[in-house]
Amino acid sequence: MAKKTEKTNVMRVLESRKIPYTAHEYEPDATLTGEEIAAILGEPPSNVFKTLVTQGKSGQYYVFVIPVHAELDLKKAAKASGEKSIEMIRQKELLPLTGYVHGGCSPIGMKKQFPTFIHSTAENLEKIYVSAGKVGFQIELSPVDLINAAGCVSADIV
C-alpha cells in the first residue's frame with residue numbers, strides 16, 4: 001500500500017480553493033539546496049521555485065518567488081515593489097512572520113498575505129514546483145494556479 005502523504009496547510013488551502021496540485025515528498029533535510037531538490041524531483045532547476053521574504057525601506061514585507069538556481073536581484077525587487085531598497089529578512093524572523101521555517105517557506109498560506117512577486121519565467125512553464133510549507137514536501141501545480149492562489153505579480157526580479 002502506498003504511503004499516504006501528510007497534508008500541509010498549503011495543501012489544505014489549495015483544496016479549499018479547488019486548485020489541483022500534485023504533492024511530492026522527499027527525505028526532509030534543511031541542508032539540501034534548491035538544485036538538489038530539483039534533482040530529487042527529476043526536474044530542471046528552472047521549474048522549481050524558492051520563496052524569499054524581504055523587507056522594504058518603508059518597513060513593508062514582500063515575498064519573491066524565483067527559480068532555485070537564480071539569485072534575487074535586490075534592485076529589481078525594489079523597483080518591482082516600488083521601494084527605495086529591499087533587504088532579505090533575518091532567518092530567525094521567518095517563522096514568527098510567516099509561520100514557515102527556512103527550507104519550508106511557501107508563497108501560499110502564510111500567516112499574513114504580503115505583496116508577492118513571481119519571476120516572469122514562471123509564465124512560460126507548464127508546471128511549477130514550490131514548497132508545500134514544510135521541509136521535505138513540494139507541490140506541483142500550474143503557474144497560473146500558483147499566481148492566483150498566492151496573489152502573485154509577475155516581474156523580472158533576478
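**View 1. Two buried phenylalanines.** Phe-64 is buried, and Phe-117 is buried too. The model shown here and in the other views is predicted. Phe-64 stands opposite Phe-117, a residue of E5. Under the ring-pair rule, the count comes to 3 aromatic pairs. In one of them, the ring centres of Phe-64 and Phe-117 are 5.3 Å apart and the planes meet at 15 degrees, so this pair is stacked. Stacked pairs have planes under 30 degrees apart. Phe-64 belongs to strand E3 (residues 61-67) and Phe-117 to strand E5 (residues 116-119), so the pair ties together parts 53 residues apart in sequence. Tyr-62 joins Phe-64 and Phe-117 in one aromatic cluster.

**View 2. The mixed sheet of five strands.** This open sheet is formed by 5 strands in the order E4-E2-E3-E5-E8. Its pairing is mixed. Strand E4 (86-88) and strand E8 (152-155) are the edge strands. Each of these two pairs on one side only. On average, neighbouring strands of this sheet are turned by 35 degrees against each other, direction ignored. Strands of a sheet pair through backbone hydrogen bonds, in a parallel or an antiparallel way.

**View 3. Strand E3 and its two partners.** How many residues of E3 are buried? The count is 7 of the 7, so E3 is largely enclosed by the rest of the structure. E3 pairs with E5 in the parallel sense, over 3 bridges. Here Val-65 has Ile-118 in E5 as its bridge partner. E2 and E3 run antiparallel and are joined by 7 bridges. Lys-50 has its bridge partner in E3, namely Ile-66.

**View 4. The E2-E3 hairpin.** E2 and E3 form a hairpin, with 4 residues between them. Gly-59 sits in the turn. Its phi is positive, at about 100 degrees. The two strands of the hairpin are antiparallel.

**View 5. The antiparallel sheet of three strands.** Which order do the strands of this open sheet follow? The order is E1-E7-E6, with 3 strands and antiparallel pairing. Strand E1 (22-25) and strand E6 (128-131) stand at the edges with a single partner strand each, so one side of each has no neighbour in the sheet. Neighbouring strands here are turned by 30 degrees against each other on average, direction ignored. E6 pairs with strand E7 (residues 137-141) over 4 bridges, in the antiparallel sense. Val-130 has Ile-139 in E7 as its bridge partner.

**View 6. The largest pocket.** The volume of the largest pocket is about 560 Å³. Its lining holds 27 residues. Which of them lie nearest the centre? They are Lys-50, Thr-51, Leu-52, His-102 and Gly-103. Lys-50 also appears in View 3, as the bridge partner of Ile-66 in E3. Helix H2 (34-41), strand E2 (49-56) and helix H4 (91-98) each supply at least two residues of the lining. E2 gives the largest share, with 5 residues. By residue class, the lining of the largest pocket has 14 nonpolar, 9 polar and 4 charged residues.

Notes:
Residues are numbered from 1 along each chain as its sequence is written. This is a predicted model: local features need pLDDT of at least 70, side-chain atom pairs count only at pLDDT 80 or more; totals for chains, interfaces and linings use all residues. Side-chain values use heavy atoms; hydrogens and water are left out. On a 1 Å grid over the protein atoms alone, a cavity is a set of points where a 1.4 Å probe fits but cannot get out, and a pocket is an open set with protein on both sides within 12 Å along at least five of seven lines; lining residues have an atom within 4 Å of a point. Grid points are joined across faces, edges and corners, and a volume is the space filled by probe spheres set on the points. Ala, Val, Leu, Ile, Met, Phe, Trp, Tyr, Cys and Pro count as nonpolar, Asp, Glu, Lys and Arg as charged, and the others, Gly among them, as polar. Two strands pair if DSSP finds at least two bridges between them. Axes are lines fitted to C-alpha atoms, for helices over the stretch in contact, and angles run from 0 to 180 degrees between N-to-C directions. Rings of Phe, Tyr and Trp (its six-membered ring) pair if their centres lie within 6.5 Å; planes under 30 degrees apart count as stacked, over 60 as edge-to-face and the rest as tilted. Buried means under 20% relative accessible area, exposed over 50%, partly exposed in between (1.4 Å probe, protein chains only).
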